[in-house]
Amino acid sequence: SPPPHHDMYSIEDVAQLIMDLKNANTTARISVKLVARIGIGVIASGVVKGKADHLTISGMSGGTGAAKWTSIKHCGLPWEIGVAETHQTLVLNGLRDRVTVQTDGQIRTGRDVVMAALLGAEEVALTTAPLITLGCTMMRKCHLNTCPVGVATQDPELRKKFTGQPEHLINYLFMLAEDTRSIMASLGCRKFNELIGRTDLLRPKAHLKDHWKTADLDFTDLLKPAWTLQSMAAGRNGAMFCCTPQDHELAHVLDRQLVLRAAPALESEGPAVVKDVSIRNVDRSVGGILSFEVPRRFGAKGLGKENSIHVKFRGSSGQSFGNFLAPGITFELEGDANDYIGKGLSGGCLVAYKAADAPFKGHEAILAGNAALYGATAGRSFMAGIAAERFAVRNSGATAVVEGVGDHGCEYMTRGLVVILGPTGANFGAGMSGGLAFLLDANASCCNMEGILLETLEESDKQTVHELISDHARLTGSDKARDLLADWPPTGGR
């Protein structure tokens with residue numbers, strides 16, 4: 001999982017992530033994976049209301065070959081329970097038509113596929129069985145680079161042992177499809193969609209009543225047809241499968257204007273400067289669609305030169321301003337930003353500073369919300385103010401200058417460079433395993449010393465910091481940066 005996909009604490013977080021991803025690729029189907037458990041139906045309903053296009057209900061069986069047997073065999077609940085509850089709850093709330101439900105967990109035969117459909121899933125995911133057809137022997141060494149049959153290894157000698165052929169997998173899938181079709185025919189179903197949610201075609205095995213351990217099992221709720229449930233939202237004729245695309249409300253987002261106004265750069269006709277763009281806190285994930293257009297047309301290298309597209313905003317941005325910003329794009333914000341500014345920054349440049357008529361000093365006020373630069377991989381950021389908690393969490397390559405941070409700054413950072421020209425909150429650098437952070441007047445009591453080392457700057461470091469502070473002062477007009485540069489020799493020693 002890429003870093004920005006972690007740490008989901010609420011349905012609102014998931015909904016924002018879904019919006020970020022949809023903006024980052026408007027043609028993609030956004031999928032959320034949920035582990036089968038009691039109460040999964042309520043969670044699934046919230047996720048669908050958050051506009052997920054696809055749900056995967058994961059069962060207790062199967063999993064990576066790097067896992068322990070106890071995790072592969074006995075982690076969680078059977079997918080049958082999760083799928084049945086999810087399907088019933090979505091139908092009950094009139095949401096089933098808006099999402100595709102998939103399930104996984106040791107699905108191997110046509111019977112498994114039909115069973116999943118009867119309980120409410122229109123898609124199944126198969127991994128273990130296809131891998132075995134290609135030669136996997138389940139040695140459970142996927143994480144050690146020592147796979148003896150060459151499936152999960154980068155070792156050239158071991159990869160020579162791989163004997164799998166496309167035809168092996170094709171034959172398996174054809175046999176699986178034929179098995180599924182024969183069962184469908186015996187049930188009188190012509191199309192796969194006719195199977196979905198037809199729990200009236202399922203019966204508990206009679207011999208379960210003959211054993212004292214299983215005699216009291218009651219499958220009534222599990223096998224209750226969803227269309228018999230009283231639905232306040234959809235009535236008694238609600239859809240049993242996905243037939244209505246989610247409306248992600250992207251037709252009139254701010255990015256559509258930006259793409260039109262940045263057309264010269266996107267069509268290789270020269271740089272584009274877009275000025276005086278008004279932004280409000282309801283404008284979320286700004287920059288996502290524009291950044292999607294850049295690699296779609298120019299590839300991963302982006303536009304090549306910095307400032308090929310320069311957009312100047314005024315106001316208070318919503319969540320995820322400048323998310324996944326592509327190389328060659330510069331966003332300049334005069335005002336303040338909400339949470340997740342610069343989330344997944346991917347090579348672009350972010351500049352933020354207070355409004356010109358603000359009555360306070362920039363370095364004394366909160367400029368950006370929580371989790372700024374979350375999971376950034378490349379690019380630069382300059383913020384003439386204080387960022388709230390969890391600044392540059394999971395940063396893995398971006399360069400940033402900021403004038404103060406809240407608690408948990410640079411948490412889990414692996415690469416990149418951060419310059420902090422002000423105070424830091426508690427637990428700075430927790431889990432930080434790489435990268436550099438330059439702190440002005442560092443307070444060791446605020447740092448998590450388990451994985452970091454505090455040192456004074458060498459001359460090469462001082463030169464790097466001086467250049468970054470100079471860029472910060474030039475781009476943001478920061479008074480604090482100018483004061484530090486004016487008193488530079490002593491400042492370098494701080």
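## Exercises on cavities, charges and contacts

β13 (415-420), β14 (436-439), α12 (459-476) and α14 (488-492) each contribute at least two residues to the lining of the largest cavity. The model behind these exercises is predicted.

**Exercise A: the whole chain**

Task: State how many helices and strands the protein has, and what share of its residues count as buried.

Solution:
- Start with secondary structure. The protein has 14 helices and 14 strands.
- Turn to burial. Of the 494 residues, 48% count as buried.
- Add the dimensions. Along the principal axes, the C-alpha atoms fill a box of roughly 85 × 55 × 50 Å.
- Finish with contact range. Take the contacts between residues at least 6 apart in sequence: 51% of them join residues at least 24 apart.

**Exercise B: the largest cavity**

Task: Find the volume of the largest cavity and describe its lining.

Solution:
- Count the cavities. There are 2 of 30 Å³ or more.
- Take the largest. Its volume is about 120 Å³.
- List its surroundings. The lining has 14 residues, and L439, L440, L457, V465 and T491 lie nearest the centre.
- Sort the lining by type. It divides into 11 nonpolar, 2 polar and 1 charged.
- Ask which element gives the most to this lining. It is α14, with 3 residues.

**Exercise C: the second largest cavity**

Task: Work out which helix gives the largest share of the lining of the second largest cavity.

Solution:
- Get the volume. The second largest cavity holds about 30 Å³ of space.
- Name the lining. It is made of A84, H87, Q88, L119, G197, T199, L222, K224, P225 and A226.
- Match the lining to a helix. Helix α4 (residues 79-92) gives the largest share, 3 residues.
- Sort by type. The lining has 5 nonpolar, 4 polar and 1 charged.

**Exercise D: a charge without a partner**

Task: Locate D97 and say what lies around its side chain.

Solution:
- Place the residue. D97 sits in the loop between α4 and β3 (100-104).
- Check its charge partners. D97 is buried yet has no salt bridge. The nearest side chain of opposite charge belongs to R98, 5.6 Å away.
- Apply the cut-off. A salt bridge needs the nitrogen and oxygen within 4 Å, so a distance of 5.6 Å does not qualify.
- Look further along the chain. Beyond four places in sequence, D97 is in contact with A239, F241, C242, C243 and T244.

**Exercise E: salt bridges between strands**

Task: Identify the strands joined by the D276 and R314 pair, and say whether each residue is buried, partly exposed or exposed.

Solution:
- Recall the principle. Side chains of opposite charge can pair when their charged atoms come close.
- Count the pairs. The model has 20 salt bridges.
- Take one of them. D276 and R314 form a salt bridge, with the closest N and O atoms 2.3 Å apart.
- Map the partners. D276 lies in strand β5 (residues 272-279) and R314 in strand β6 (residues 309-316), so the pair ties together parts that are 38 residues apart in sequence.
- Read the accessibility. D276 is exposed, at 53% relative accessible area. R314 is partly exposed, at 38%.
- Widen the view. D276, K312, R314 and E334 are linked in a network of salt bridges.

**Exercise F: two more pairs**

Task: Place R297 and E293, then D471 and R380, in their secondary structure.

Solution:
- Begin with R297 and E293. Their closest N and O atoms are 3.2 Å apart, and they form a salt bridge.
- Find the spacing. The two are 4 residues apart in helix α11 (residues 288-298), which means a separation of about one helical turn.
- Read the accessibility. R297 is partly exposed, at 36%. E293 is buried, at 11%.
- Move to D471. It forms a salt bridge with R380, and here the closest N and O atoms are 3.2 Å apart.
- Map this pair. D471 lies in helix α12 and R380 in strand β10 (residues 378-384), so the bridge ties together parts that are 91 residues apart in sequence.

**Exercise G: the setting of S346**

Task: Determine what S346 touches beyond four places in sequence.

Solution:
- Place the residue. S346 lies in strand β8 (residues 346-353).
- Classify its exposure. At 28% relative accessible area, S346 is partly exposed, because this class runs between 20% and 50%.
- List the contacts. S346 touches F324, L325, A326, P327, T377 and A378.
- Compare a distance in space with one along the chain. S346 and T424 are 78 residues apart along the chain, and their C-alpha atoms are separated by 25 Å.

Terms used. Residues are numbered from 1 along each chain as its sequence is written. This is a predicted model: local features need pLDDT of at least 70, side-chain atom pairs count only at pLDDT 80 or more; totals for chains, interfaces and linings use all residues. Side-chain values use heavy atoms; hydrogens and water are left out. On a 1 Å grid over the protein atoms alone, a cavity is a set of points where a 1.4 Å probe fits but cannot get out, and a pocket is an open set with protein on both sides within 12 Å along at least five of seven lines; lining residues have an atom within 4 Å of a point. Grid points are joined across faces, edges and corners, and a volume is the space filled by probe spheres set on the points. Ala, Val, Leu, Ile, Met, Phe, Trp, Tyr, Cys and Pro count as nonpolar, Asp, Glu, Lys and Arg as charged, and the others, Gly among them, as polar. Buried means under 20% relative accessible area, exposed over 50%, partly exposed in between (1.4 Å probe, protein chains only). Lys and Arg count as positive and Asp and Glu as negative; His and the chain ends are not counted. Contact means heavy atoms within 4.5 Å.
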